[in-house]
Amino acid sequence: FPINYGFLRKSNNRRTCNFFCYIHGISDGIPAMDPNVLKEYLDGILSDKDVAAIKTADKMNNMMSLEEKTFSGRYRTAMATKTYYLPFFTQCRYLYPRYENLFYAARTEIETLIFHIESFYNEIQRLEEENKKLTNK
């Protein structure tokens, strides 16, 4: 059954419910992973330092376990992270100096991982094009 804010609110206090909904991207049944709402979702998280810190740790964990995905899935996740989450980490770093080290570590570790994924993807693209040229001769 779908989990929504109303269901969670009945069985938890407001703070716990807000944490869960923000972390898992539940907002009126719209998944926050949809690129059309991801920016808005992250902007909402910026308003709460605790939720921002938890979401950052969650994203770090997700990025470090990408080997479970197909390569195209890794690339899509890396590009979405580069577009939406890296600026989010930077904003959080300046908004919440107490957690500055967490946001800085997330950005630098994830940025390095994204660089490797992008480089590998570009090399695959280059080799596929080279292969096409050789087979068309």
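1. Lysine 59 deserves a look before anything else in this predicted model. Lysine 59 is buried, yet it has no salt bridge. The nearest side chain of opposite charge belongs to aspartate 58, and it is 7.5 Å away. A salt bridge here requires a side-chain nitrogen of Lys or Arg within 4 Å of a carboxyl oxygen of Asp or Glu, so the pair does not qualify.

2. What surrounds this lysine? Lysine 59 lies in helix H4. Leaving aside neighbours within four places in sequence, lysine 59 is in contact with Thr77, Thr81, Tyr85, Phe89 and Ile110. Of these residues, Thr77, Thr81, Tyr85 and Phe89 appear among the buried residues of H5, and Ile110 is one of the buried residues of H6.

3. Threonine 81 is placed in helix H5. Its relative accessibility is 0%, which means that threonine 81 counts as buried. Beyond its neighbours within four places in sequence, threonine 81 is in contact with Lys59, Met63, Leu86, Ile110 and Ile114. The contact with Lys59 is thus listed from the side of threonine 81 and from the side of lysine 59.

4. Helix H5 has 25 residues and reaches 34 Å from its first C-alpha to its last, close to the 36 Å expected at 1.5 Å a residue. H5 bends by about 45° at lysine 82. Its buried residues include Phe71, Gly73, Ala78, Met79, Leu86, Phe88 and Cys92.

5. The residue at the bend also takes part in a charge pair. The side chains of lysine 82 and glutamate 118 meet in a salt bridge, at 3.1 Å from N to O. Lysine 82 lies in helix H5 and glutamate 118 in helix H6, so the pair ties together parts that are 36 residues apart in sequence. Lysine 82 has a relative accessibility of 38% and therefore counts as partly exposed, whereas lysine 59 is buried.

6. Helix H6 covers residues 100-135, 36 residues in total. From first C-alpha to last, H6 reaches 52 Å, close to the 52 Å expected at 1.5 Å a residue. Phe103, Ala106, Ile110, Ile114 and Ile117 are buried in H6. The buried residues of H6 pack against helix H4 (49-64) and helix H5 (71-95).

7. The count of salt bridges comes to 8. One of them joins the side chains of arginine 93 and glutamate 100, at 3.4 Å from N to O. Arginine 93 is partly exposed, with a relative accessible area of 24%. Glutamate 100 counts as partly exposed too, at 32% relative accessibility.

8. Within H6, arginine 126 forms a salt bridge with glutamate 123, with the closest N and O atoms 2.6 Å apart. The two residues both lie in helix H6, 3 residues apart, about one turn of the helix. Arginine 126 is partly exposed at 40% relative accessibility, and glutamate 123 is partly exposed with a relative accessible area of 34%. Glu123, Arg126 and Glu130 are linked in a network of salt bridges.

9. On the overall layout, the protein has 6 helices and 2 strands. Along the sequence, these follow the pattern α-α-β-β-α-α-α-α. Of the 137 residues, 30% count as buried. Among contacts with a separation of 6 or more, 60% come from residues 24 or more positions apart. The accessible surface comes to about 9000 Å², and 55% of this surface belongs to carbon and sulfur atoms.

Conventions
Residues numbered from 1 in each chain as written. Predicted model: local features only at pLDDT ≥ 70, side-chain atom pairs only at ≥ 80, totals over all residues. Heavy atoms only, no water. Helix = DSSP H or I, 4+ residues; strand = E, 2+ residues; numbered from the N terminus. Expected span 1.5 Å × (residues − 1). Buried < 20%, exposed > 50% of the residue type's maximum accessible area, 1.4 Å probe, protein only. Contact = heavy atoms within 4.5 Å. Bend = angle between axes of the 7 residues up to and from the residue. Areas by Shrake-Rupley, 256 points an atom, 1.4 Å probe, with all protein chains shown as cover. Lys, Arg positive; Asp, Glu negative; His and termini not counted.
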